[in-house]
Every structure is written in structure tokens, then in C-alpha cells.
Amino acid sequence: MKIKEVEQTLGVDRANIRYYEREGLLLPARGENRYRDYSQEDVARLKTVVILRKLGVPVAEIREILDGRQSMADALAENEENLKKQMEELNGALTLCRRLEQQQVELDTFDQDYYWEEMHREEQAGGGFLDVCKDYLAFEKDIFNHVFWDGTDMAEGFGWTGWKAVVFPLLLVLIVMVVVGALFVLCFGDTFLEGFLMPLEVLLVASVLFLPEFLLRRRFPKAAQMWRKGVLTLSLVAGAALLIVLAVLLLNDRFHFLF
């Protein structure tokens, strides 16, 4: 099975699958075309990993379980104690949540100032609440995975693995920037730097265009797919038009058939 099939079958995001591979929890074989080939054993192993992660078992301990260095019973017993401690630490959130539920509080009757102070009193008394200070990190991490890890299949298609998957795409982008810079000098008489930086500007615009697809894909996957197809179609049309214009201008510079 290819990673896309595993992702669709199990509902596990490919960024997670890649992460588990990097951590040594999955070791899929590679076919002749260099694509990862997930066997039934790999899928079963991935299910085990996901189950244990959802129970709160750390990745390091899961690795020890899979390697036979720790029994699952011992790991689960230790994890149970950790879960109990976490529940004790969140007793403030549980207490306040029950109070709000009993009082049948709705948004229009919610006294933010009162409960803000109440939450602070609970924290000072030892009650625990969820730490929201680093929520943005999870969002930015998802964006990073979506932008960079989703491109690994393309890299594998060219046989780029390991350091090649990083160096070769960067060299390709650099070559494109140099070529565009040279074309700008030849066709438009502009500076090389303006053309050299243009691909980066295009990548920035593409990132902005693809951001809604990332935001929609979890709750509205069909809308995200439609947006992605629309952006890709628009990008292909714009790219083809740009190449045609550049080719015409370059030919005209040599043969002067337009002006």
C-alpha cells in the first residue's frame, strides 16, 4: 500500500505517519520506484502505535515496546499513573466546568470577569487548567507539516531520499531563479535581481492561496479539495500563459516580428 492508501484507510494524517517513520516506529519497504510500500504488518504496527499514542503512551516508550525492551503491561501501568496525575492536575478545570454546567450558563449570560477571577482563585488554590499558552505552536507545526511533508511523495518519485530530498529541490529552485533572472534581463531589460526574486514572490502568493485549503481540510474536506483543484488549475493556466508570453517576447527580441 502507498502512504495515501494507508492515510485513507486508517484516517491517520500522513504527517503523523512520516513522523512515526522518522522516530523508527515504522520501517516500510521501498519498491523499485522508491515509493514506500506498506505491508499488512506495517499497517498493523501503525494501528498499535496510534492506539498507544491515543492512550497517552510517549513515543520513546512505544519504541521500547516495539523493540521488545519493555513489556506493554509495564508501560500501560506507568501510563495509567501518569494519567491519574494529569487528572489530579486538571481538577480545577473539572470543578469549574461542572459549576458552569449546573448553572446552565449560555454565551449571552456568561459573566467573563467573574469566571476569570474564579479561575485565578482556583489556580492559586492548587487547581489545574489546560495550558493554552502554546496553542499557536500546534497550528504552526501543522502548517509546516502540510507544506513540507506533503512534498515528500514528489521527492520520492524522483528518487530523492535523505539529504537529496532537501538539497536537490533547493538546487532546482535556485536554478529556476537564475533562469528567470536571466530572462528578465533579456526580455524586459530589467535587473537580474528583480527576475531572480520573482519565483520567491510566486511561492509566497501560492502559500497564501493554499492557506484556506489547509484551514478547511479537517472540517470541510470537500470544500478544501475543490479549493485546491481551483488553485492548481489557476496556477497551471497562469504558468502556461507566463511561459507563452516569455517565449513570444524572447523570439520577438531576436526576429522583431511584433515590434
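In this predicted model, R14 sits at 13% relative accessibility and so counts as buried. The R14 side chain is not left without a partner: R14 forms a salt bridge with E7, and the closest N and O atoms lie 3.2 Å apart. In general terms, side chains of opposite charge can pair when their charged atoms come close. The R14 pair belongs to a set of 6 salt bridges held by the structure.

Another of these bridges links R69 with D67, again with an N to O distance of 3.2 Å. Here the setting is more open to solvent by the numbers: R69 has a relative accessible area of 56% and is therefore exposed, while D67, with 44%, is partly exposed.

Helix α5 brings in a further case. The side chains of E80 and K84 meet in a salt bridge, 3.7 Å from N to O. The two residues are 4 apart in helix α5, which spans residues 72-89, so about one helical turn separates them. Both ends of this bridge are partly exposed, E80 with a relative accessible area of 43% and K84 with 41%. The pair does not stand by itself, since E80, E81 and K84 are joined into one network by salt bridges that share partners.

E61 tells another story. This glutamate is found in helix α4, residues 59-66, and is buried yet has no salt bridge. The nearest side chain of opposite charge is that of R53, and it is 9.2 Å away. With a salt bridge requiring a nitrogen to carboxyl oxygen distance within 4 Å, R53 is therefore out of range for E61. As for what does surround E61, once neighbours within four places in sequence are set aside, the contacts are with Q70, A75 and E78.

Turning to the fold as a whole, the chain has 12 helices and 2 strands. Read along the sequence, the order is α-α-β-β-α-α-α-α-α-α-α-α-α-α, so the two strands follow one another after the opening pair of helices. Of the 259 residues in the chain, 22% are buried. About 18,600 Å² of the chain is exposed, with carbon and sulfur atoms supplying 63% of that area. Among contacts between residues at least 6 apart in sequence, 46% join residues at least 24 apart.

Some of the nonpolar surface is gathered in a patch. V167, L171, L174, V178, V185 and F192 make up this nonpolar patch, and together they have about 450 Å² of accessible area. Helix α10, residues 164-188, contributes the largest share, with 5 residues. One patch member placed in that helix is L171, which at 42% relative accessibility counts as partly exposed. V173 also has its place in helix α10 and, at 33% relative accessibility, counts as partly exposed too. V173 also provides a link between separate parts of the sequence: P199 is 26 residues away along the chain, but the C-alpha to C-alpha distance between V173 and P199 is 8.0 Å.

Aromatic pairing is sparse, as a search of the whole structure finds 1 aromatic pair. The partners are Y19 and Y20, whose ring centres are 5.8 Å apart and whose planes meet at 55°, so the pair is tilted. An angle of 55° is neither under 30 degrees, as stacking would need, nor over 60, as an edge-to-face pair would need, which is why the tilted label applies. The two tyrosines fall into separate burial classes: Y19 is partly exposed at 28% relative accessibility, whereas Y20, at 6%, is buried.

Finally, the backbone has a point worth a look at Q104. Most residues other than glycine have a negative phi. Q104 has a phi near 50°, a positive value in a residue other than glycine. Q104 lies in the loop between α6 (91-102) and α7 (112-124), and its relative accessibility of 65% makes it count as exposed.

Terms used: Residues numbered from 1 in each chain as written. Predicted model: local features only at pLDDT ≥ 70, side-chain atom pairs only at ≥ 80, totals over all residues. Heavy atoms only, no water. Buried < 20%, exposed > 50% of the residue type's maximum accessible area, 1.4 Å probe, protein only. Lys, Arg positive; Asp, Glu negative; His and termini not counted. Contact = heavy atoms within 4.5 Å. Patch = residues over 30% accessible without salt bridge, like charges linked within 9 Å, V, L, I, M, F, W, Y side chains within 5 Å. Areas by Shrake-Rupley, 256 points an atom, 1.4 Å probe, with all protein chains shown as cover. Phe/Tyr/Trp six-rings, centres within 6.5 Å; stacked < 30°, edge-to-face > 60°.
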